[in-house]
Amino acid sequence: MTWPKNNSEFWQRKIKDNRQRDKDKQLSGIPIIHAVIFPDIVVGNDETFGMYGHREVILDRTNLNTPEVALKRLFKHWGKERQVSTSEIAKLLALLAPTTTIRRLLSDEVADADKKLLQLTREQTRVLQGIKRNRYAAIIGGAGTGKTILAVEKAKQLSLSGFRVLILCYNGPLRDHIAKLIQIGQVEVHTFHSLVMREARKAKISVPASPPDGWFATDAAKVLSDAALKNHTGFDAMLIDEAQDFAPTWIEASRSMLSDDEALLYVFADSHQDLYRRDWTIPDGFAEYELTVNCRNTRPIAEKVAKVFGDDLDGDLVDGPKPQFVEIGRIEQLIPYVIQLIERLVVDENVQAAQIAVLTDSRIVVDQMRAMAVADCMFADLNGNGIAVETVSRFKGLERDIVILTFTDQVTAMERSALIYVGLSRAKAALYVVGSSTVRSWIGWDQ
């Protein structure tokens, strides 16, 4: 065995170094000795363990019955008896055995939740297998049930089988997101709007340079049907994500993009997210598959989302941080509170800018925040580098690890539930809502 012959020198150096920083020199006279303790055995009085292990510096099991007597004997042996005050003992403990608290950061909790949320559920796998038997299918599910994941996975499978595939959605940001996930040949991704404009240009059909929303509501479907006929456009399969955003005439016109009667058409929808009041229903002749397991949100977030429309929760949900509501008294406080919150997340919680999205019901708030910065991070649009700031409507179909959701009290009663439902459900692992007491009441936060 190795005896601690140099321990005295080590601790003497330790205290000496501290003395240089200790202005009152309180530890300068503390004696330092060494000894060996065998707490489980009895050592005979005549036993020795070499030149460094003579009996006087050995304590055994019997000595521990009267530790004070044993320690006095040790100090007397070394000739370094001295009374030590309570304050000296406290300083010694602080120097030699300091108490350190290591706090678990939000970034750690987000990382743990993220790993568990990445798995395809058994329910999703079942639906993928089931729709193989149907040419027309509607996959219906609430926010976070993995509809976009399924659409992308099915598109990849079809493409690898030689199908020419078209994925349609409503929002440009969702189109860009899906395109990044696909990255495979034979799959095109468009919004309904961009598809109409492309097909019209290709068919040389005159359309407004910047069509208003009213034009898409009244004329776009016919333009698409006429253009597809002229262009002989034909896809073997079409998948429509967020189909509740499509007017019935849009879905019917989109069928003109299919190659023949054997082509496949799958729609993915959630009627709770009908922000554009399309009064969407499942088209006739479509086999219906339902998704009920939330695989995006942690349990605390999923519970908030489910309460909006009184839905039930299904499946083994992942635990995560409790959602927080930051109440403001005046609308002028909204942006300063958001900036203060983000600074804490980035600086104190080690959260990365790309993990955060600020969502709001107000275009004015979006424009104002994109002209600002916080904690060396710029606020940006969804394609920029920095913290994403966007309206809830534009962010529909997307997600972030951490969402800061803000409402300005300007939401109409008709759109309120859908906006709250969509906004809350964008957060995967951590959710913060900033708003007035009125907003708190809308959401039913305390129920």
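**Figure 1. Tyrosine 136 is partly exposed, with 21% relative accessible area, and has a ring partner from far along the chain.** This is a predicted model, as are the views that follow. Just over the 20% cut-off for burial, Tyr136 contrasts with its partner, Phe286, which is buried at a relative accessible area of 10%. Across the chain, 8 aromatic pairs turn up. The one shown here, Tyr136 with Phe286, is stacked, with 5.4 Å from centre to centre and 25° between the planes. It ties together distant stretches: Tyr136 belongs to strand β3 (residues 136-141), while Phe286 sits in the loop between β7 (264-269) and β8 (287-291), 150 residues away.

**Figure 2. Here's a cluster of rings: Tyr170, Phe192, Phe246 and Trp250, linked by ring pairs.** Zoom in on Phe246 and Trp250 and you'll find an edge-to-face pair, 5.8 Å centre to centre with 80° between the planes. Phe246 has 0% relative accessibility, so it counts as buried. Trp250 counts as buried too, at 2%.

**Figure 3. Two separate nonpolar cores show up in the chain.** The largest has 51 residues, and Ile139, Leu239, Tyr266 and Leu424 are the ones touching the most other members. Take Tyr266: leaving aside residues up to four places away in sequence, its contacts include Ile131, Tyr136, Ile139, Leu158, Met238, Leu239 and Ile240. Polar and charged residues are on its contact list as well, among them Asn134, Arg135 and Lys154. The second core is made of 37 residues, including Phe192, Leu195, Trp250 and Leu265.

**Figure 4. Helix α10 (residues 220-231) keeps its buried residues on one face.** Its 12 residues, at 1.5 Å each, should span 16 Å, and the end C-alpha atoms are indeed 16 Å apart. Buried along α10 are Ala220, Ala221, Val223, Leu224, Ala227, Ala228 and Asn231. Looking down the axis of α10, these buried residues fall within an arc of 160°, so they line one face. That spacing makes sense because an α-helix has 3.6 residues a turn, and residues three or four places apart point the same way. What do the buried residues of α10 pack against? Their neighbours are α8 (192-203), α9 (213-218) and α11 (248-254). Turned away from the buried side are the exposed residues Lys222, Leu229 and Lys230. Just after α10 comes His232, with a positive phi of about 55°.

**Figure 5. Two positive charges sit over aromatic rings.** Arg164 lies over the face of Phe235, 4.2 Å from the ring centre. In the other example, the charged end of Lys304 is over the ring of Trp445, at 4.1 Å from its centre.

**Figure 6. Glu303 is a residue of helix α12 (residues 299-309).** Glu303 is partly exposed, with a relative accessible area of 35%. From Glu303 to Leu317 is 14 residues in sequence, and their C-alpha atoms are 10.0 Å apart in space.

**Figure 7. Zooming back out, the chain has 16 helices and 15 strands.** Of its 447 residues, 48% are buried. Among contacts with a separation of 6 or more, 71% are between residues 24 or more positions apart.

How values were computed:
Residues numbered from 1 in each chain as written. Predicted model: local features only at pLDDT ≥ 70, side-chain atom pairs only at ≥ 80, totals over all residues. Heavy atoms only, no water. Helix = DSSP H or I, 4+ residues; strand = E, 2+ residues; numbered from the N terminus. Expected span 1.5 Å × (residues − 1). Buried < 20%, exposed > 50% of the residue type's maximum accessible area, 1.4 Å probe, protein only. Arc of directions from axis to C-beta. Contact = heavy atoms within 4.5 Å. Phe/Tyr/Trp six-rings, centres within 6.5 Å; stacked < 30°, edge-to-face > 60°. Lys NZ or Arg CZ within 6 Å of the ring centre and 35° of its normal. Core = buried A, V, L, I, M, F, W, Y, C linked by side-chain atoms within 4.5 Å.
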